[in-house]
Amino acid sequence: MEKCFVIIKFLLICGSFASVIGKLPPTIPVCSRYHPNLSECVMDAIRVLQPRLASGDLGPGLKVPSLEPLVIPQIQIGEDKTLKVDLSNVLIHGASKFKIEKLRANYNELKFDALLTIPKMKIFGKYKLNFVFFNQIVKGEGEIFTEFENSKIKAAIKAHRFIHKGQEFARLEPIEIKFQRGKVREVKLSNLFPNNPVLSEVIHAVLKSNPDFALNNVYPQVNNYLSKFGTEVANKIFEGISIDELFPK
Ligand SMILES: *[C@@H]1O[C@H](CO)[C@@H](O)[C@H](O)[C@H]1NC(C)=O
């Protein structure tokens, strides 16, 4: 009798445990697959989740890297001898304040396309640069600060269905991200040629009027980084959660 009781208790504990594992926390809003406007519902869900994306705390048992600030450990610009810039400890503030301009959700194909605007981004980091100027090797090292207004991010998420133990799940492909900077409000490099303020001023003027000269190289790295970041966050939400739970009937 007592043995039986223990077994029942065990089953009860296991049962409630199993129902907790693989369950989405209530902090994550879900949308019915039959919602008359699924795109709008997903958009609203992301807006609800937005402050939690900033902190990285998506709810009980669901921690992801925080978006505020976004940390990119290393960016390299230029590999040849004429210009080489290393950025490190890059901190991006403002990415979590994105606005969703457009979102298209397709339940049957498990495809989600979004266009986001980031009204203001402040970027801090350390730079080390090295270039040849009139046959002289010029070196500099200090802090960089830039500010962008109304940058755009295009994100495409695609997932594949698979069956596990009779339930349908989604496996994500790496998220495709395209970052496009907005207006450059500010570019400042501290300690740039302290012995040559004229040269420092020239470089600042060049960077401000034609920042893509230096930045074109940066975007693929930023896209890669954002893709890894976004995929990690989305995987945390999708992994182990059945499609029936993510998009209930
Ligand atoms: C769905 O919602 C979006 C965003 O509010 C809107 O632009 C779109 O026209 C809606 N689509 C339908 C079919 O109602």
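Two strands pair if DSSP finds at least two bridges between them. Keep that in mind, as pairing comes up a lot on this tour. What you have open is a predicted model, so local features need pLDDT of at least 70 and side-chain atom pairs count only at pLDDT 80 or more, while totals for chains, interfaces and linings use all residues. Residues are numbered from 1 along each chain as its sequence is written, and side-chain values use heavy atoms, with hydrogens and water left out.

**Stop 1: the whole chain**

Start with the cartoon view. You should find six helices and eight strands; these are DSSP runs numbered from the N terminus, with helices being H or I of at least four residues and strands being E of at least two. Walking from the N terminus, you pass α-α-β-β-β-β-β-β-β-β-α-α-α-α.

Now switch on the surface. Its accessible area is about 15300 Å², and carbon and sulfur atoms own 59% of that (areas come from the Shrake-Rupley method with a 1.4 Å probe; for residues, only the protein chains shown count as cover). Of the 249 residues, 39% count as buried. Buried means under 20% relative accessible area, exposed means over 50%, and partly exposed is in between, with a 1.4 Å probe and protein chains only.

**Stop 2: the strands**

Select residues 83-93, strand β2, together with residues 111-133, strand β4. The two are antiparallel and share nine bridges. To see one bridge, pick L91, whose partner in β4 is F124.

Next, add residues 99-106, which is β3. Seven bridges tie β3 to β4, again antiparallel. One to click on is N106 with its β4 partner K111. These two strands make a hairpin with four residues between them, and in the turn L110 has a positive phi of about 50°.

Then add β5, residues 136-164. How many bridges join β4 to β5? There are 22, and the strands run antiparallel. Try I118, which has S151 as its bridge partner in β5. This hairpin has two residues between the strands, and F134 takes a positive phi near 50°.

**Stop 3: inside**

Hide the surface and select L58, L87, F179, I237 and F247. These have the most contacts inside the largest nonpolar core, which has 69 residues. A nonpolar core is a set of buried Ala, Val, Leu, Ile, Met, Phe, Trp, Tyr and Cys residues joined through side-chain atoms within 4.5 Å.

Zoom in on L87. Contact means heavy atoms within 4.5 Å, and, leaving aside neighbours within four places in sequence, L87 is in contact with P73, Q74, I75, I77, K126, Y127 and I144. Across the chain, among contacts between residues at least 6 apart in sequence, 64% join residues at least 24 apart.

**Stop 4: salt bridges**

Side chains of opposite charge can pair when their charged atoms come close. A salt bridge here is a side-chain nitrogen of Lys or Arg within 4 Å of a carboxyl oxygen of Asp or Glu, and the structure holds nine of them.

Select R185 and E149, whose salt bridge spans 2.9 Å from N to O. This pair links distant parts of the chain: R185 is in β8 (residues 183-189) and E149 is in β5, 36 residues apart. R185 is partly exposed at 39% relative accessible area, and E149 is partly exposed at 22%.

For another kind of pair, select R47 and D44, with their closest N and O atoms 3.3 Å apart. They are three residues apart in helix α2 (residues 38-55), so about one helical turn separates them.

Also select E168 and R161, which meet in a salt bridge at 3.6 Å, N to O.

**Stop 5: E143**

Go back to β5 and click on E143. Is E143 buried or partly exposed? E143 is partly exposed, with a relative accessible area of 44%. Now measure to K188: the two are 45 residues apart in sequence, yet 8.0 Å apart in space, C-alpha to C-alpha. Not counting residues up to four places away in sequence, E143 touches G125, K126, Y127, K188, L189 and S190.

**Last stop: a patch outside**

Bring the surface back and select V198, V202 and V206. Together they form a nonpolar surface patch with about 250 Å² of accessible area. Patches are made of residues with over 30% relative accessible area and no salt bridge; like charges are joined within 9 Å, and nonpolar side chains (Val, Leu, Ile, Met, Phe, Trp, Tyr) within 5 Å. V198 is in helix α3, residues 197-209, and is exposed at 59% relative accessible area.
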